[in-house]
Amino acid sequence: MGENYAFFLPVMMASFGVVFLIVWGWHVRAAGWWSAAFFCIAAGFSAPAGFAAIPTPLGSIIADLLFATGFLLFSQALLQRWRPSWLLPVRLSIWGGSLLLCVIANIVDNLPLELVASDFGCFLLIALPLIAAKGHLRGGADRALFAAACLVALDNLVRGSTVPLTLSAGSDFLTSNYAYLMQALACIFGLFLALSALATQVIDLLGRYQREAMIDPLSGLFDRRGFDDAVARIEAEGGHGGSLIVCDIDHFKAVNDEYGHALGDSVISALSQLIIAAAPPGAIAARFGGEEFVLFLPGTNAARAAEVANDLRESFTRTVAVTLQLAHVLTASFGLSTVQRSDRSIHDAIARADEALYEAKSRGRNRVCVRRALSSPAAEPVFPQRIVSA
């Protein structure tokens, strides 16, 4: 049975190393730590096969080095989710201290001391992330990963504490009960740890793809789909009411024609940053395409929303052209509306805000206009045109 484990474990661990390496290639940073850790453990379990070619003391030290390094990498992989770089000097000290004891044990030919030093070192390396995880578990996959890491830590603690019971005096390591238990439990708990870690990486990856599908890459704001989803979540939580601001950069085509699309993109990015800075907590900002932006302010009345819109208008006119070193001042127009109880969806309020925006354009641009309801005869200009000289 021990020979079967000796063959199976390196293959299993290396296979997970390959899988995590593939996931790491999809720009999931923590997967790189997992991949390196499983490759180290696979090499550690493969060490007995090389004992025939390598003097036993050196082979044992190499195996100890590989296991200690693997658990240090496991530690970093776990902390990458919960608290990156937490107590790194302490973990490096544990890694180094464990290896030093293993080397000393090999020099004095004390196998029990070597096993205890290795097991307790591995236990401490994987136990520290479990302490750091408190308050940072984000869902079922995280809790499964935490449980798997606990089992691996407990396995090393109990195994290190029972060396006198599982390793008979003068017995050969490879045929001992200790070696059998180590390989059997590593097979079970290692598989659980690998699958749990892989689940968290895949969930993170899917979450990233979902976020990217809802985020406009140029502005960093929601796109239409992300905006609708965010508004739906607020409505599902019982939120209602608020104000809509629609913004459009004046004469944006002329900017692209004169300066090129790259600088036009910089203008859009600059306005996006101003929107993010001006948006109060709970606001939902989106780029609906081109130079058109939407800002939803839940629970905000028209007067306060108009102040936010005018502050944005003034900030954009005052700062962006100067920052980008343009020869003429940039302006933007704003339309505003409040959410009505009769609205079928948030898009009814957006439609009214669009009408107010068109009114602002027709009145000379660089202003904020409000349309309170569809029955309103015209949008009301709440702030006149004011251009601040650069």
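This is a friendly dialogue on reading salt bridges, burial and helix packing in a predicted model.

Colleague: I have the structure open. How many salt bridges does a search of the whole structure find?

Modeller: Keep in mind that we are looking at a predicted model. To spot a salt bridge, look for a side-chain nitrogen of Lys or Arg within 4 Å of a carboxyl oxygen of Asp or Glu. Searching the whole structure in that way gives 17 salt bridges.

Colleague: Let me start with D204. Which residue forms a salt bridge with D204?

Modeller: The partner is R81, and the closest N and O atoms are 2.4 Å apart. This pair ties together distant parts of the chain, since D204 sits in helix α8 (residues 177-214) and R81 in helix α3 (residues 56-82), with their positions 123 residues apart.

Colleague: And where do the salt bridges that share partners lead?

Modeller: Follow the shared partners from one pair to the next. Here R81, R138, D142 and D204 are joined into one network.

Colleague: How do I read burial for the D204 and R81 pair? Is R81 buried or exposed?

Modeller: Compare the relative accessible area with the cut-offs: under 20% is buried, over 50% is exposed, and in between is partly exposed. R81 has 12% relative accessibility, so R81 counts as buried. D204, with 29%, is partly exposed.

Colleague: What about R233 and D229, which also meet in a salt bridge? How many residues apart are they in helix α9?

Modeller: They are four residues apart in helix α9 (residues 224-236), so about one helical turn separates them. Their N to O distance is 2.3 Å. R233 is partly exposed at 44%, and D229 is partly exposed too, at 29%.

Colleague: Are R352 and D343 buried or exposed?

Modeller: Both R352 and D343 are buried. These two form a salt bridge as well, with the closest N and O atoms 2.8 Å apart.

Colleague: Next, Q201. What does Q201 touch, beyond residues up to four places away in sequence?

Modeller: Contacts tell you what surrounds a residue. Q201 lies in helix α8, and its list of contacts is F20, V23, V28, A30, A31, W34 and R81. R81 is the residue we met as the salt-bridge partner of D204. With a relative accessibility of 1%, Q201 counts as buried. The side chain of Q201 also makes a polar contact of 3.4 Å with the side chain of T200.

Colleague: Can we try one more residue? Which residues is C40 in contact with, leaving aside neighbours within four places in sequence?

Modeller: Those residues are L66, T69, G70 and L73. C40 itself is found in helix α2 (residues 29-46) and is buried, with a relative accessible area of 16%. Try the C-alpha atoms of C40 and L66 in your viewer: they are separated by 5.3 Å, although the two residues are 26 apart along the chain.

Colleague: Finally, helix packing. At roughly what angle do the axes of α6 and α8 cross?

Modeller: Look at the two axes and the N-to-C directions along them. The axes of helix α6 (residues 140-161) and α8 cross at roughly 160° and come within 8 Å. Angles over 145 degrees count as roughly antiparallel, so α6 is roughly antiparallel to α8. The crossing is left-handed.

Colleague: Which residues meet there?

Modeller: From α6 they include A141, D142, A144, L145 and A148, and from α8 they include L185, F189, F192, S196 and T200. D142 also belongs to the salt-bridge network with R81, R138 and D204.

Terms used:
Residues numbered from 1 in each chain as written. Predicted model: local features only at pLDDT ≥ 70, side-chain atom pairs only at ≥ 80, totals over all residues. Heavy atoms only, no water. Helix = DSSP H or I, 4+ residues; strand = E, 2+ residues; numbered from the N terminus. Buried < 20%, exposed > 50% of the residue type's maximum accessible area, 1.4 Å probe, protein only. Polar contact = N/O pair within 3.5 Å; in protein donor to acceptor, adjacent residues only side chain to side chain. Contact = heavy atoms within 4.5 Å. Axes fitted to C-alpha atoms, helices over the stretch in contact; angles between N-to-C directions. Parallel < 35°, antiparallel > 145°, perpendicular 65-115°, else oblique. Left-handed = near helix turned anticlockwise from the far one by under 90°.
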